[in-house]
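Notebook open, coffee poured. I'm jotting down what I looked up, one topic at a time.

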Amino acid sequence: MPELTLDGVVVEEQKNYYMVSTQKNDLRCTVKGALLKKRNFRISAGDAVRVQIINEDTAEGVICETKERTSFLPRPPLANLSQVVFVNCFKHPSLDTEAIDRFLFSSTAYGIEAVIVFNKRDLLNDGEAAELEAVECHYRNIGYKTLHTSVPKKQGISELIDQCRGKTSAFTGLSGVGKSSLLSLIFPHVEFKTNLVSGARGRGTHTTTHIKLWALNKETFIADTPGFAFVDVPTVDEETVVEHFPEIKDVTGQCRFNNCIHDAEPGCKVAELVDSGVIASWRQKHYLKIYREMLMRRKRMYV
Ligand SMILES: Nc1nc2c(ncn2[C@@H]2O[C@H](COP(=O)(O)OP(=O)(O)OP(=O)(O)O)[C@@H](O)[C@H]2O)c(=O)[nH]1
Ligand SMILES: [Mg+2]
Ligand SMILES: [Zn+2]
């Protein structure tokens with residue numbers, strides 16, 4: 001009898017098996033010995049795989065092949081993401097543009113598209129909304145997609161779903177910004193663990209500690225990820241940091257010195273554009289901070 005194999009996507013890693021979503025159904029899979037022996041490679045959620053069906057009735061299979069990855073996010077491990085959705089809010093917790101800039105830097109360094117979501121819109125008065133709009137405007141001007149949402153008012157949710165449709169996405173962001181709450185609206189049948197356990201409704205019962213891609217349909221997957229306090233950035237050559245800051249990169253050739261790092265050198269075009277408000281001052285500051293961080297990391301490597 002010919003072996004029955006199917007293409008699929010790993011949606012969840014459990015202790016002793018992987019759940020793989022296929023065009024037919026979800027299969028509980030172990031991994032073929034030859035694949036297990038591969039060093040420096042560990043199958044992650046998001047991996048595109050080929051599975052051999054072992055038992056159709058019990059929906060069990062074996063992963064026999066992994067396809068080449070288009071991208072890989074190491075923390076948390078997620079393969080083949082089409083985009084990372086960085087969730088923020090203006091208050092509770094306060095807007096942190098350094099976190100946004102470190103996140104945007106990381107996602108472009110990993111080669112993954114980034115979308116910025118400003119959640120908890122319902123908490124803002126007119127003055128705060130205007131302040132947020134000014135910040136947001138800078139990100140839109142440099143080419144990033146931004147969205148507004150509110151969980152209690154269910155605002156912006158259909159736009160967020162549209163943004164995720166047909167893609168594999170991960171919701172990331174600092175703790176408490178509302179990632180799990182947004183996912184609870186997108187997947188109403190799932191109880192995501194939220195920060196605040198309300199006694200009455202008893203939410204927060206989904207205590208999964210591993211990463212899982214939730215399927216909206218066979219082409220749309222979204223992962224919740226644990227919040228963090230600080231955005232880790234991958235190591236790159238300090239000379240290339242500027243490539244991940246599009247508005248700074250665009251004008252680099254216009255500085256007086258061609259080795260200008262845009263740190264108060266005379267005739268720096270970036271400084272001029274910061275003074276005139278075209279480039280946000282915090283963007284230059286965060287660019288320089290990452291530049292110095294990369295320089296330090298490289299120097300530390302050679303001591
Ligand atoms: N007012 C308001 N509160 C919100 C909104 N979204 C989430 N919250 C509240 O913010 C708190 C944190 O929400 P979570 O969804 O747990 O946040 P999270 O980003 O998943 O947090 P971590 O899992 O710790 O990273 C909860 O008390 C939510 O009820 C919103 O749009 N407006
Ligand atoms: Mg959460
Ligand atoms: Zn310069």
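What arrangement do the four donor atoms around the zinc ion (ligand 3) make? I checked the angles they subtend: 100 to 115 degrees, so the arrangement is tetrahedral. For comparison, I noted that ideal angles for four tetrahedral donors are 109.5 degrees. I should say that this is a predicted model, and my numbers are computed from it.

Next I looked up who the donors are. The zinc ion (ligand 3) is held by Cys255 (SG), Cys260 (SG), His262 (ND1) and Cys268 (SG), at 2.1 to 2.4 Å. Along the chain, I read their spacing as C-x4-C-x1-H-x5-C. Two of these donors, Cys260 and His262, are buried. For Cys260 I wrote down a relative accessible area of 8%.

Then I hunted for disulfides, each a covalent bond between the sulfur atoms of two cysteines. My search of the whole structure came back with zero. Why no bond for Cys29? Its sulfur sits 9.0 Å from the closest cysteine sulfur, the one in Cys64, and that is too far, because a disulfide needs the two sulfurs within 2.5 Å. Cys29 is also buried, with a relative accessible area of 1%.

On to the layout. I found three domains: domain 1 (5–67), domain 2 (73–224) and domain 3 (238–301). The C-alpha centres of domain 1 and domain 3 are 44 Å apart.

Last, I checked the confidence. The chain has a mean pLDDT of 91, with 94% of its residues at 70 or more. I flagged residues 197–208, where the pLDDT is below 50. Even so, that stretch has 20 contacts in the model beyond near neighbours in sequence.

Methods:
Residues are numbered from 1 along each chain as its sequence is written. Chains are lettered from A and ligands numbered from 1 in the order in which they are written. This is a predicted model: local features need pLDDT of at least 70, side-chain atom pairs count only at pLDDT 80 or more; totals for chains, interfaces and linings use all residues. Side-chain values use heavy atoms; hydrogens and water are left out. Domain bounds come from an automatic or database domain assignment. pLDDT is the predictor's confidence in each residue, from 0 to 100. Contact means heavy atoms within 4.5 Å. Buried means under 20% relative accessible area, exposed over 50%, partly exposed in between (1.4 Å probe, protein chains only). Donors are N, O and S atoms within 2.8 Å of the metal (3.2 Å for Na, K and Ca); water is not among the atoms, so sites may look incomplete. Four donors count as tetrahedral if all angles lie between 85 and 135 degrees; four count as square planar and six as octahedral if opposite donors are over 155 degrees apart and all others between 65 and 115; anything else is irregular.
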